[in-house]
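The following exercises are to be worked with the sequence and the three-dimensional model at hand. Each task is followed by a solution in steps.

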Amino acid sequence: MYASLKSIGAYAPERILNNFHLEEMVETSDEWIEKRTGIKERRIASEDESTSDLGVKAAEQAIERAGIAKEEIDLIICATLSPDYLCMPSTACVIAGKLGIHNVMAFDISAACSGFVYMLSMAKAFIESGMKKNILLIGAEKISSLVDYTDRGTCILFGDGAGAAIIGRTEDKNEAIVDIHASADGRYGELLMTPGCGSKYPCSQETLDNKLNFIKMQGNDVYKIAVKTLTNDVIDILEKNNVQVSDVDHFIPHQANLRIIEAVRTKLEFPLEKTVLTVAKYGNTSAASIPMAMNDAYEQGRIKKGDLMLLDTFGGGFTWASALVRFGGH
Ligand code: COA
């Protein structure tokens with residue numbers, strides 16, 4: 001018995017924040033942002049939309065496309081760095097409540113932008129051990145709630161959105177998740193973090209005055225480590241599985257910065273037409289980035305049953321992960 005990615009779904013909020021809007025907010029330009037990041041616009045959730053609301057919309061689509069009843073879901077995992085509530089209840093529990101799925105295990109994971117691939121690896125283990133049958137994975141982010149819109153080093157990069165997938169069982173290896181590598185190195189934590197409002201610097205007027213509740217990033221250091229780590233990690237998973245670049249149908253990287261994607265893609269000599277790119281229109285949506293990109297390619301009719309997808313991602317922690325996944329949906 002193998003684990004299989006049966007369906008994908010996504011949701012992008014309606015409001016668009018483009019580079020010209022940002023020109024009016026911080027000292028930057030459309031030209032600079034596009035040249036350095038490839039981003040043209042990103043979506044921003046409305047005031048009354050929280051991360052769980054975005055997640056619910058993506059989840060409903062994934063459940064419908066999987067052709068299962070919501071009662072068949074026996075585990076819900078949500079990856080997010082912008083949960084509805086800092087401590088409890090988890091966003092997975094909030095989503096379960098809104099979907100009307102009761103009495104099943106539901107929890108969040110914290111792996112920043114690597115969240116989707118991290119939970120894919122957990123889902124694979126739950127399915128292959130026989131513990132669970134149909135798992136709902138949600139990567140959802142209202143990162144705009146964590147962004148300091150006076151900091152031009154970060155506010156140009158991030159956007160809101162959600163993606164979801166159903167992981168089920170299959171006996172057919174040609175529609176199974178092949179392999180997942182997930183890793184972390186805590187020594188780099190301070191290069192990308194939200195320092196405030198946890199137990200280290202509890203929420204206080206001082207924490208807020210010092211803007212410690214917002215994302216802080218040493219962008220250039222993150223950039224260099226991301227390119228090196230992602231390239232090595234992708235080479236490693238391909239070699240370990242004896243997969244050639246030409247065997248891969250779709251390269252679906254984390255959409256943080258077009259230059260990071262291009263560096264990995266050119267090093268691997270991966271064809272542009274097999275690479276899925278959504279960074280221009282969504283920016284970096286962290287844990288939602290890979291499922292949103294996969295959904296885009298799926299809705300364009302590019303992803304067919306049995307196609308081999310290569311996922312790779314990098315994020316705060318630092319965390320990173322790669323996956324080889326055959327699409328098990330239709
Ligand atoms: N508009 C205009 N100028 C800007 C700017 C902006 N939005 N942000 C930074 N700059 C300036 C800097 O102040 C600096 O000016 P200086 O040379 O006068 O000091 C100059 O541009 C270069 O800054 P640097 O940080 O070296 O630029 P960069 O080429 O590394 O690009 C990022 C900055 C943030 C776009 C890039 O480092 C990046 O994408 N890093 C990875 C971020 C990421 O992916 N994080 C999430 C990981 S999941």
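**Exercise 1. The packing of two helices**

Determine how helix H7 (residues 219-240) and helix H8 (residues 258-268) lie against one another, and which residues make the contact.

Solution. Helices (H or I, at least four residues) and strands (E, at least two) are DSSP runs, numbered from the N terminus. Axes are lines fitted to C-alpha atoms, for helices over the stretch in contact, with angles from 0 to 180 degrees between N-to-C directions.

Step 1. The axes of H7 and H8 come within 9 Å and cross at roughly 35°.

Step 2. The crossing of H7 and H8 is right-handed; a crossing bears this name if the near helix is turned clockwise from the far one by less than a right angle, and is left-handed if anticlockwise.

Step 3. Contact requires heavy atoms within 4.5 Å. On the H7 side it is made by Tyr223, Ala226, Val227, Leu230, Thr231, Val234, Ile235 and Leu238, and on the H8 side by Arg259, Ile260, Ala263, Val264, Lys267 and Leu268.

Step 4. By class, the contact residues of H7 and H8 comprise 11 nonpolar, one polar and two charged. Here Ala, Val, Leu, Ile, Met, Phe, Trp, Tyr, Cys and Pro count as nonpolar, Asp, Glu, Lys and Arg as charged, and the others, Gly among them, as polar.

The model is predicted: local features need pLDDT of at least 70 and side-chain atom pairs pLDDT 80 or more, whereas totals for chains, interfaces and linings use all residues. Residues are numbered from 1 along each chain as its sequence is written, and side-chain values use heavy atoms, with hydrogens and water left out.

**Exercise 2. Cysteines**

Establish how many disulfides the model contains.

Solution. Step 1. A disulfide is a pair of cysteine sulfur atoms within 2.5 Å.

Step 2. The cysteine sulfur closest to that of Cys78 belongs to Cys93 and is 10 Å away, so the pair is too far apart for a bond.

Step 3. By this rule the count is zero disulfides.

Step 4. Buried means under 20% relative accessible area, exposed over 50%, and partly exposed in between (1.4 Å probe, protein chains only). Cys78, at 0%, is therefore buried, and Cys197, with 16%, is buried as well.

**Exercise 3. The span of H5**

Compare the end-to-end distance of helix H5 (residues 115-128) with its expected span.

Solution. Step 1. The expected span of a helix is 1.5 Å times one less than its number of residues.

Step 2. For the 14 residues of H5 this gives 20 Å, and the end C-alpha atoms are 20 Å apart, which agrees.

Step 3. The buried residues of H5 are Gly115, Phe116, Val117, Met119, Leu120, Ala123, Lys124, Phe126 and Ile127. H5 is followed by Gly130, which has a positive phi near 85°.

**Exercise 4. Backbone exceptions**

Locate residues with positive phi that are not glycine, and peptide bonds that are cis.

Solution. Step 1. Most residues other than glycine have a negative phi, and most peptide bonds are trans.

Step 2. Lys211 has a positive phi of about 55°; Lys211 lies in the loop between helix H6 (205-209) and strand S10 (216-217). Its relative accessibility is 30%, so Lys211 is partly exposed.

Step 3. Asn242 also has a positive phi, of about 55°, in the loop between H7 and strand S11 (250-253). With a relative accessible area of 64%, Asn242 is exposed.

Step 4. The bond joining Met88 and Pro89 is cis, with omega about -5°, and Pro89 is in the loop between strand S4 (75-79) and H4.

Step 5. A further cis bond joins Gly317 and Phe318, with omega about -15°; Phe318 is in the loop between strand S12 (308-315) and strand S13 (319-326).

**Exercise 5. The surroundings of two threonines**

State where Thr51 and Thr91 are placed and which residues they contact.

Solution. Step 1. Thr51 belongs to helix H3 (residues 51-66) and is buried at 2% relative accessibility. Thr91 belongs to helix H4 (residues 91-99) and is buried at 0%.

Step 2. Leaving aside neighbours within four places in sequence, Thr51 is in contact with Thr80, Ser82, Asp84, Thr91, Ala140, Glu141 and Lys142. By the same exclusion, Thr91 touches Thr51, Ser52, Cys78, Thr80, Pro83, Asp84 and Asp108.

Step 3. Thr51 and Glu141 are 90 residues apart in sequence, yet their C-alpha atoms are 5.3 Å apart.
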